[in-house]
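Got your viewer open? Load the model, switch to cartoon view, and follow along one selection at a time.

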Amino acid sequence: MKKHVVVVDDDAVFGDILCSGLGKSGFITSKFESVQVFTEFLGALATQSPSSKPVDLFIVDYHLDTPDITGLDLCRRIKAQGQYPVIMLTGVDNVDTTVACLYAGAEQYVVKPYSLDELVARIHVVLKSWARAISRPAKNCSRPIPRSWSPSPNYFLFFKRCAPK
């Protein structure tokens, strides 16, 4: 059965090229260029039963054409809606942004430009690991921040995390 990948990218041309490449690689794709339309889709997705699972994976661009919402915010919203894997795409190649995206819940972080073959391989790896995780009983799933990691001063511009309980 073909997997459904949702692409959120405000660049219409890039989104079309990505969806076309993923389609040729055997995926069903949906594309959203507007954050508002995607947010409405996400709200509708939350009302569906978990067993229907109409989406298998989200690919979200970090930089969107909205001043107040980034791909990082959308990643958090996706994770708040349910059990969906997220791969972040971006042209920003710095450690702070990568770490912020991963701690927001993204399973992978891919820097543009990238090879479609590499992205497809990463999609398969993420889907395979999610399939394994779903088939096993849940354990303590909290991911503490390693004590050896210390953020740069710019880190908190990208990511605000809740204080430890």
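## A walk around helix α1

Begin by selecting residues 12-24, helix α1, and look for what its buried residues touch: they pack against β1 (4-8), β2 (28-32), β3 (57-61), β4 (86-90) and α5 (116-135). Keep in mind that this is a predicted model.

**The helix itself.** Put a distance between the two end C-alpha atoms of α1 and you should read 18 Å. That agrees with expectation, because 13 residues at 1.5 Å a residue should also span 18 Å.

Now show side chains. Which residues of α1 are buried? They are G15, L18, C19, G21 and L22. These residues cover an arc of only 165° around the axis, which puts them on the same side of α1. Spin to the other side of the helix and you'll find V13, I17 and K24, which are exposed.

**The two ends.** Zoom in on D11, which caps the N-terminal end of α1. One of the side-chain oxygens of D11 sits 3.1 Å from the backbone nitrogen of V13. Then hop to G26, which follows α1 and has a positive phi, near 100°.

**A stop at A12.** Select A12, which belongs to helix α1. Is A12 buried or exposed? Neither, quite: at 30% relative accessibility, A12 counts as partly exposed. Setting aside neighbours within four places in sequence, A12 makes contact with K31 and E33. Add F32 to the selection as well: F32 is 20 residues from A12 along the chain, yet their C-alpha atoms are separated by 8.8 Å.

**The sheet.** Hide the side chains and colour the strands. Five of them make an open sheet, ordered β2-β1-β3-β4-β5, with parallel pairing. At the edges stand β2 and β5 (108-111), each with a single partner strand, so one side of each has no neighbour in the sheet. Look along the sheet to see the twist, which averages 20° from one strand to the next.

Next, pick out β4 and β5, a parallel pair joined over four bridges. To find your place there, select M88, which stands opposite Y109 in β5.

**Helices across the strands.** Bring α1 back into view: α1 lies across β1, β2, β3 and β4, and runs at about 170° to β2. Last selection: residues 71-81, helix α3. Helix α3 lies across β1, β3 and β4, running at about 175° to β4.

Technical notes: Residues are numbered from 1 along each chain as its sequence is written. This is a predicted model: local features need pLDDT of at least 70, side-chain atom pairs count only at pLDDT 80 or more; totals for chains, interfaces and linings use all residues. Side-chain values use heavy atoms; hydrogens and water are left out. The expected span of a helix is 1.5 Å times one less than its number of residues. Buried means under 20% relative accessible area, exposed over 50%, partly exposed in between (1.4 Å probe, protein chains only). The arc is that of the directions from the helix axis to the C-beta atoms. Contact means heavy atoms within 4.5 Å. A polar contact is a pair of N or O atoms within 3.5 Å; within protein, one must be able to donate a hydrogen and the other to accept it, and residues adjacent in sequence count only if both atoms are side-chain atoms. Two strands pair if DSSP finds at least two bridges between them. Axes are lines fitted to C-alpha atoms, for helices over the stretch in contact, and angles run from 0 to 180 degrees between N-to-C directions.
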